[in-house]
Amino acid sequence: MVPCEEDMMALMRNEQEHSESEISRPKKKKNQDGTSRPACSWVHFSREFIKEYTASHPESSGLKVATKAASDAWKLMSPEEKSKYTNRAREVWDKYLSTTPARIPKPRRQTKLVTRCSPGRLLNVLQRLTPDQKAAVKSMGFGSILNLRCRTLRRSLCLWLLEKFNTVRRSLEICGERIPLTPQDVELVMGFASSGKDVVNSGPDELIAELRKKYNATNRGISVRLLEERLAVPEAGEDFKRSFLLYLLGTLLCPTARLDVSPSFLHFLTNMDTIHQYNWGKFLLDRLVREVARYRQGKQRAVGGCLLFLQLFYYESVAVGEPSELSPAIFPCLSSWGEEEISEREKQERELGGYGCGEVVCKERGLGMGMLGYRTQSDSNHLGVMPPDVENYSLPEQVGYQGGEDQINGGMFIAEENMPINGDEGNTVCVDIDISDPVRAPCRNAQYGCAEIVDYNKRREHEDVCISSPCAFPLWKCHYVGSSAQLSEHFSSKHWDSGRRFQYNCPLPITLNKNEAFLVLQAEKDGILFLLNKGTESIGHTVMITCISPSSSKEQYLYDILSERGNSCLRLKSYTNNFPGRVEGSPPVDFLLVPYGFVDATGKLDLELCIWNSTDIGAD
């Protein structure tokens with residue numbers, strides 16, 4: 001029985017639909033001019049086979065049976081038998097390539113930024129807090145976060161900043177300059193304390209077993225949505241404080257790649273009365289460096305850490321307007337940037353040609369200055385009005401304080417007792433103050449011993465290299481600030497028993513205890529102060545010696561560090577770098593890496609030091 005014409009037409013339509021489904025699947029393999037790509041050798045064979053099979057098997061139930069028979073026959077064919085169809089497919093493909101215009105590649109989509117840092121989500125929670133809950137937040141030392149106004153991250157800016165972020169040097173390399181990032185910068189921008197005890201998120205699991213159960217903590221973490229539900233309850237006790245801090249950690253301060261909060265944070269949340277004693281600035285920066293490094297290494301798709309800090313630090317450190325348009329900085333800077341201000345700033349960036357086209361003004365605004373920090377007083381125990389006791393001021397406050405007058409020094413606004421303050425939010429009201437003598441002016445470091453009177457337009461150049469530039473005393477409990485000479489006198493009179501005196505060119509045995517991060521050294525000959533710094537890495541301790549003096553100082557001292565264990569010996573011979581205070585993080589200086597095998601069972605590290613006088617170096 002031969003199929004009628006109608007049956008043949010229906011069969012051909014089925015074959016065409018089958019061929020298109022096998023070849024193109026369906027539209028994404030179409031060329032730009034709409035033509036389908038050529039069929040493969042199997043399709044050429046199946047077309048012939050199905051026609052013959054349908055004609056010889058009129059009892060078959062349809063195309064599915066014929067296609068199955070074609071597939072079975074194709075599998076049994078030898079390569080020689082298939083070559084007929086292979087050659088036919090190749091000829092059609094060659095003709096297709098020779099007549100079809102070259103395909104224009106699609107532009108690659110810009111890399112997306114995936115992050116769990118969500119200031120908008122936190123802002124929604126802050127807006128629902130009761131007065132008692134806000135007071136509880138301030139009591140923990142996080143009152144500055146109540147002034148958060150920014151709701152979204154500018155992701156294109158964050159991607160650009162991540163490219164410029166040097167995780168080894170902990171710096172931003174933008175506008176042709178390297179700007180170091182320190183915990184003090186976190187305090188200036190975010191308002192979180194940059195001194196105190198280190199935040200340690202480890203310990204025995206049994207100590208937090210009850211808390212893990214209370215927060216339904218799994219191996220993935222503590223649910224942010226669960227914390228939002230807890231914060232909706234209008235209570236302001238210890239449970240609220242713990243839930244709020246967990247939520248702050250998970251959405252802003254140190255978010256990870258997942259929308260969960262690490263249960264390890266519960267280790268430092270067992271006693272909520274000590275939360276204000278921690279160094280949150282250092283913790284935020286350490287976590288940011290760690291998360292960005294993991295992202296760079298491809299270990300995670302999302303970027304963790306507080307990207308809002310990077311964004312606001314850039315806005316404050318790089319000016320895009322005229323110098324005369326630079327407004328005085330209000331600390332913490334967090335309160336200065338809302339959606340309107342950020343949108344206007346982004347518009348100016350685009351008009352200049354993109355990010356990194358402005359002028360770096362971080363020094364003028366007290367940012368990116370290494371160890372020189374500023375302590376905010378915006379929390380409930382410190383209402384933003386400092387007492388007139390200069391020694392209790394942290395560095396920029398002391399620099400800005402001269403007598404009882406209100407001044408703007410170096411672009412920083414300092415609030416005094418007669419300045420209007422918004423008591424509810426702790427925001428300082430800025431006023432414009434004119435400089436009375438634009439021709440000649442004393443050095444800003446006059447209170448630290450500089451007697452220079454310089455032209456006002458050259459004042460900054462002088463202060464950048466002034467030998468009386470202030471340095472911060474390195475001991476944790478002492479907030480004294482002065483020139484390097486004043487620090488030497490202060491150490492000799494007040495803290496002579498908190499360090500070691502030594503003689504130049506003579507070996508000095510030193511033992512650092514397990515929890516001892518540094519030791520102050522004072523030269524007997526000239527009173528110069530040095531710091532023996534000990535850092536902790538995964539495989540051992542880093543050891544280096546720095547000189548406490550202005551960073552602009554050119555004075556260098558040769559030093560030698562020796563560590564011995566049995567017949568093994570490690571030695572470093574280098575020159576001191578100048579730092580105006582303690583050394584935070586991993587500065588770009590030479591250091592000796594001492595493996596843990598050189599440390600005794602109690603964690604003590606024995607060293608032998610020798611520092612040479614700079615005059616003796618020149619004589620040699």
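Trainee: Why does serine 171 count as buried?

Mentor: This is a predicted model, and everything here is computed from it. Serine 171 has a relative accessibility of 1%. The cut-off for buried is under 20%, so at 1% serine 171 is buried.

Trainee: Where is serine 171 placed, and which residues is it in contact with, leaving aside neighbours within four places in sequence?

Mentor: Serine 171 is in strand β2. With those neighbours set aside, its contacts are Lys164, Phe165, Asn166, Arg178, Ile179, Pro180 and Leu181.

Trainee: Cysteine 175 is in a loop. Which two strands is that loop between, and is the cysteine buried, partly exposed or exposed?

Mentor: The loop runs between β2 (171–174) and β3 (177–180). The relative accessible area of cysteine 175 is 26%. Partly exposed covers values between 20% and 50%, so 26% makes cysteine 175 partly exposed.

Trainee: What is notable about phi of cysteine 175?

Mentor: Its phi is near 55 degrees, which is positive in a residue other than glycine. Asparagine 216, also not a glycine, has a positive phi of about 50 degrees.

Trainee: Why is asparagine 216 put in its class, buried or exposed?

Mentor: Its relative accessible area is 52%. Exposed means over 50%, so asparagine 216 is exposed. Asparagine 216 lies in the loop between α9 (209–214) and β4 (222–223).

Trainee: Now to the cysteines. How many disulfides does a search of the whole structure find?

Mentor: The search finds zero disulfides. Take cysteine 471: the nearest cysteine sulfur belongs to cysteine 547 and is 8.7 Å away. A disulfide needs the two sulfur atoms within 2.5 Å, and cysteine 471 is in none.

Trainee: What makes the classes of cysteine 471 and cysteine 569 what they are?

Mentor: Cysteine 471 has 0% relative accessibility, so it counts as buried. Cysteine 569 stands at 44%, so it counts as partly exposed.

Trainee: Which strand holds leucine 529, and why does leucine 529 count as buried?

Mentor: Leucine 529 lies in strand β19, which spans residues 529–536. Its relative accessibility is 3%, so leucine 529 counts as buried. Beyond its neighbours within four places in sequence, its contacts include Phe473, Leu487, Phe491, Val520 and Cys547.

Trainee: How far is the C-alpha atom of leucine 529 from that of arginine 500?

Mentor: The two C-alpha atoms are separated by 9.9 Å, while the residues are 29 apart along the chain.

Trainee: What makes helix α8 mostly covered?

Mentor: Helix α8 spans residues 183–190, and eight of its eight residues are buried. Among them are Gln184, Asp185 and Glu187, as well as Val186, Leu188 and Met190. The buried residues pack against β3, α11 (238–253), α12 (280–296) and α13. Just after α8, glycine 191 takes a positive phi of about 85 degrees.

Trainee: How do α13 and α14 pack, and is their crossing left-handed or right-handed?

Mentor: Helix α13 (residues 307–317) and helix α14 (residues 339–352) pack at about 65 degrees, and their axes are 12 Å apart. Their crossing is left-handed. Gln311, Tyr314 and Tyr315 of α13 make the contact with Ile342, Arg345, Glu346 and Glu349 of α14.

Trainee: How do you know the class make-up of the contact between α13 and α14?

Mentor: Sort the residues by class: three are nonpolar, one is polar and three are charged. Tyr counts as nonpolar, so Tyr314 and Tyr315 of α13 belong to the nonpolar group.

Trainee: How do the axes of α2 and α4 cross, and is that crossing left-handed or right-handed?

Mentor: The axes of α2 (residues 41–56) and α4 (residues 79–99) come within 8 Å and cross at roughly 120 degrees. The crossing of α2 and α4 is right-handed. Ser41, His44, Phe45 and Glu48 in α2 meet residues of α4 that include Lys84, Tyr85, Arg88 and Val92. By class, this contact has four nonpolar, three polar and three charged residues.

Trainee: And for the whole protein, how many helices and strands are there, and what share of the residues counts as buried?

Mentor: The protein has 18 helices and 25 strands, and 47% of its 620 residues count as buried. About 32300 Å² is exposed, with 49% of it supplied by carbon and sulfur atoms. Among contacts between residues at least 6 apart in sequence, 66% join residues at least 24 apart.

Definitions and conventions:
Residues numbered from 1 in each chain as written. Predicted model: local features only at pLDDT ≥ 70, side-chain atom pairs only at ≥ 80, totals over all residues. Heavy atoms only, no water. Buried < 20%, exposed > 50% of the residue type's maximum accessible area, 1.4 Å probe, protein only. Helix = DSSP H or I, 4+ residues; strand = E, 2+ residues; numbered from the N terminus. Contact = heavy atoms within 4.5 Å. Areas by Shrake-Rupley, 256 points an atom, 1.4 Å probe, with all protein chains shown as cover. Axes fitted to C-alpha atoms, helices over the stretch in contact; angles between N-to-C directions. Left-handed = near helix turned anticlockwise from the far one by under 90°.
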